[in-house]
Amino acid sequence: MTQLLFKHINVEGLANIDVYEKHGGYETLKKALEQKPEEILETVKASGLRGRGGAGFPTGLKWSFLAKDVFPRYLVCNADESEPGTCKDRELLLKNPHLLIEGMILCAYACRVEIGYNYIRGEFYDLCEIFEKALEEAYERGYLGKNILRSEFNLDIHTHLGAGAYICGEESALLNSLEGMRGEPRLKPPFPAVEGLYGKPTVVNNVETLCAVVPVVEGGAEAYAALGTEKSKGTKLVSVSGHVRNPGNFEVVLGTPTSEIIEMAGGMREGRKLKAFIPGGSSVPMLPAGKVDTPYDYESLQAAGSMLGSGALIVMDDSANVVKETLRIASFYMHESCGKCTPCREGTRWLHQILGEIESGRGKDENIELLQDISDNMSFKCFCPLGDAAIAPVLSGIANFREDYEELLSQAKAGAAAE
Ligand SMILES: Cc1cc2nc3c(=O)[nH]c(=O)nc-3n(C[C@H](O)[C@H](O)[C@H](O)COP(=O)(O)O)c2cc1C
Ligand code: SF4
C-alpha cells in the first residue's frame, strides 16, 4: 500500500520535532534549499499534484499565477476543514503538524513568500495549540525565521483561529476573515494569486495539498506522477463515514475503485446493503450503489455524475432514507449560508422548509417539482459555489432516489385521506 502522507502517521509522538526528524523530517527542506525556487516550482508543476481542498486545481500552476515581482506576497494555509464528512486535515494537524510546516516552507520558498498564515477552524482550538508548539520547535531548530538553515531565505508563519463559519473555508471569505472583516466571499476575478491578502499576491492551499508537497519534492515529480491515473496523480486522503464498520481516514492511490475504499473501512454493516454514497463531501451529488466501482479519481467521479470534492466518502446503507439525509444536509447549508446573495440566502431556507414538510409527512405531490424549480433558480445564480453545493444533494437525490420522495408523499396522501 503506497503511503506518502500517512507513512508515519501512527508513530507515537510524531508531533514532536525529534521524532519527526528521526523519521526523515526536514531532510527534504535541506535538499530543496540547494535548488533554486523555480526548480521546486517546476517539480510541483510536473508532478501533477492538484489541490486537495475541493476544486482540484493544479497546484504548481496556481503558484505560477502569482503576480510577477509584486511583494510582499503571502501564503495562506486553509485549515478551515468544515465540509461535512471531511476530517483528514484534522488528522494531519493532530498527528503530523511538522509535515504541514515543512510543506508550507517548501511552498513559500518556491513562491518567494516570506510571510505565511495558517487559518485554522475555530473548533480546532486544541489543534491550534499543537500547531503553535510545532512552530516554536521549528523556529528553535532554524527551519523558520531569518536566514533559514543559513540561506538567504526568511519565513515567518502565524496562526489564526476562525470563528466557526463554514463559508470561511472559501478562500476569499477566508482572506476577509483573516483581515478582520466579515467572512463573506469576494468577487473573483481578481483571484488571490493576483490580489489576495491585504491586496497582495497570495497562494491559498489546503492542508493536505501543502503536506503532499513534501513527498513530491522528496521523491521527485516523476515518481509522484507515476502514481494514479493520467490526470489524477498521486495519493488522496479519503475520510470514510456513515454506515461502514470502521470509519476513518484512508490514504489511497487515485484511481482505486470506490468499492475497495469502502472495504478498507470495514465494509458494510452486518446484513446491510449499500444504497447510496456521496464521494466528495456534502457539496457533491450522491450516487446510487450501482456506481460503487467507479475509480476514485477526479475524472471518473465526474463522468459518473459526481465529484471528488474534499475526499469525504459518505456511505449510506439500505436503512437510510434519502429525504431524511438530504434534509440534514439542507439544514447545514441553510445555517451556513452567509446571506450575502438572495438566491442562496432564500433558496437554502426554502429547500430546508419543503424537505422538512415532505419528511414529516406533510408533503404534497407538487413539492418535488418545487424543489427542482428552487434549485434551478439557485443554479449558477449565486455569488459563490456554496449555493450550487446546497442544491447538489437535492437534485441528485431526486434523480437517483425519487422513490424515497414518492413513498413519503403517498404516505402523506393516505394520512390526509384518513383524516
Ligand atoms: C463554501 C466553500 C467552503 C470551502 N471550504 C474549504 C475548506 O474547509 N478547506 C479547504 O481547503 N478548501 C475549502 N474550500 C475551497 C477553497 O476555496 C480553495 O479552493 C482551497 O482552499 C484551495 O486550496 P487547494 O488548491 O490546495 O485545494 C471551500 C470552498 C467553498 C466554496
Ligand atoms: S452563495 Fe451563499 S454563501 Fe455564497 S455569497 Fe451567496 S449567500 Fe453567501
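Strand β8, residues 274-278, runs antiparallel to β9 in this predicted model, and two bridges join the pair. Within that pairing, Ala276 of β8 has Pro288 of β9 standing opposite.

Both strands belong to an open sheet of five strands, in which the order is β6-β5-β11-β8-β9. Pairing in this sheet is mixed. Its edges are formed by β6 (248-253) and β9 (287-288), each of which pairs on one side only.

There is also an open sheet of four strands, ordered β3-β2-β1-β4, and here the pairing is parallel. The edge strands are β3 (156-161) and β4 (202-206), each with pairing on one side only. On average, neighbouring strands of the four-stranded sheet are turned by 20 degrees against each other, direction ignored.

A helix also packs on the four-stranded sheet: α9, residues 207-219, which touches β1 and β4. The direction of α9 makes about 95 degrees with that of β4.

What joins strand β1 to strand β2? Six bridges do, and the two strands, residues 74-79 and residues 115-120, run parallel. Leu75 stands opposite Gly116 in β2.

The two strand pairs described above are set out in the table.

| Strand pair | Residues of the strand named first | Bridges and direction |
|---|---|---|
| β8 and β9 | β8: residues 274-278 | two bridges, antiparallel |
| β1 and β2 | β1: residues 74-79 | six bridges, parallel |

How values were computed: Residues are numbered from 1 along each chain as its sequence is written. Chains are lettered from A and ligands numbered from 1 in the order in which they are written. This is a predicted model: local features need pLDDT of at least 70, side-chain atom pairs count only at pLDDT 80 or more; totals for chains, interfaces and linings use all residues. Side-chain values use heavy atoms; hydrogens and water are left out. Two strands pair if DSSP finds at least two bridges between them. Axes are lines fitted to C-alpha atoms, for helices over the stretch in contact, and angles run from 0 to 180 degrees between N-to-C directions. Contact means heavy atoms within 4.5 Å.
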